Amino acid sequence: MSTSLRHRLRGPAVACLAASCALLLAACGSEQKETTTTSARIAPAQTTATTGPTATGSTSASPSGSASPRLTDDQAERQRLVPAAKITWDKAVQTAVAAVPQGKLVETELAWAPPNATASGSARPSGSATASASPSVSAGATASASPSESAGARTPAWHTSVATADGTLHDVWVDGVSGKVISDEPDADQDAGDKQELADRLKRTTVTPEQAVQTATQDNKGTVTAVELDDDSWSVDVVDTSSWDKTTYEVSTTERRILRQEVDRD
């Protein structure tokens, strides 16, 4: 075959081969691009599926771990009242008994003072500067004036009943912050029989209120919030300031012995 003929046949063959290579390269590039695009779509979905449950689990675990027990209404009231008093029960009783000639303690209880009350000869405590809110009766209060429980108008006070030798009761309020007498009034509801019964009960009582409290608190070092003389026992209320539960101890009036006790967790 002549040289010129070989050259004419080789030219188209080379061109065909070049075209085939170009097509193969284009196909490979297209396949690679498609693979990369598919991979890019899958990767974010896998990442989200992996991290999602972990974040949700961490969020839900935190609130339950930090939750604290809810106080009852009575516990919350003790939490407000007990720390507000700066005068202990025994100091308040000394003041109340001294206000009544030959007086003896019958009952004392920590409560909110009557509205607008100001201790004799003293300024109103700073925490009770306003007393315009309407009062409400606190549990266990027997005074003719109801202790105020409105925010900003509350003053802690010891509501104390003191009896003379003939059994005549005096209703005495002692300021729980200043320790001074707020009011001192005779009990107008007593008759002769009531006075005699109380006088006889006081004569039978040989355990002092201080001794009764010492007996009640020998194993419970809480805060004393009430002491009351019953028929055959001293009733002593002690508040646990860590849980705000109240324990009532009944101590014999003739011997230093606990007769009964009851825990109030409400």
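Contact means heavy atoms within 4.5 Å of each other. The model is predicted, so local features need pLDDT of at least 70 and side-chain atom pairs count only at pLDDT 80 or more, while totals for chains, interfaces and linings use all residues. Residues are numbered from 1 along each chain as its sequence is written, and side-chain values use heavy atoms, with hydrogens and water left out.

**Exercise 1. Contacts and confidence**

Task: Among contacts between residues at least 6 apart in sequence, what percentage join residues at least 24 apart? Where is the pLDDT below 50?

Solution:
- Of the contacts between residues at least 6 apart in sequence, 59% join residues at least 24 apart.
- pLDDT is the predictor's confidence in each residue, from 0 to 100. The chain averages 75, and 61% of the residues score at least 70.
- The pLDDT is below 50 over residues 13–17, a stretch with zero contacts in the model beyond near neighbours in sequence.
- Residues 20–66 also have a pLDDT below 50, with zero contacts beyond near neighbours in sequence.

**Exercise 2. The sheet**

Task: In what order do the eight strands lie in the sheet, and which are the edge strands?

Solution:
- Helices (H or I, at least four residues) and strands (E, at least two) are DSSP runs, numbered from the N terminus. The chain has five helices and eight strands.
- Along the chain from the N terminus, the elements run α-α-α-β-β-β-β-α-α-β-β-β-β.
- Two strands pair if DSSP finds at least two bridges between them. The open sheet has the order β4-β3-β2-β1-β5-β6-β7-β8, with antiparallel pairing.
- The edge strands, each pairing on one side only, are β4 (181–186) and β8 (258–264).
- Within the sheet, seven bridges join β2 (residues 156–163) to β3 (residues 169–175). W158 stands opposite V174 in β3.

**Exercise 3. Helix α5**

Task: Which residues of α5 are buried, and why do they line one face of the helix?

Solution:
- Helix α5 (residues 209–216) packs on the sheet, touching β1, β5, β6, β7 and β8.
- Buried means under 20% relative accessible area, exposed over 50%, and partly exposed in between (1.4 Å probe, protein chains only). In α5 the buried residues are P209, A212, V213, T215 and A216.
- Seen down the axis of α5, these residues fall within an arc of 160°, so they line one face. The arc is that of the directions from the helix axis to the C-beta atoms.
- An α-helix has 3.6 residues a turn, so residues three or four places apart point the same way.
- The buried residues of α5 pack against α3 (89–98), β1, β5, β6, β7 and β8.

Definitions and conventions. Axes fitted to C-alpha atoms, helices over the stretch in contact; angles between N-to-C directions.
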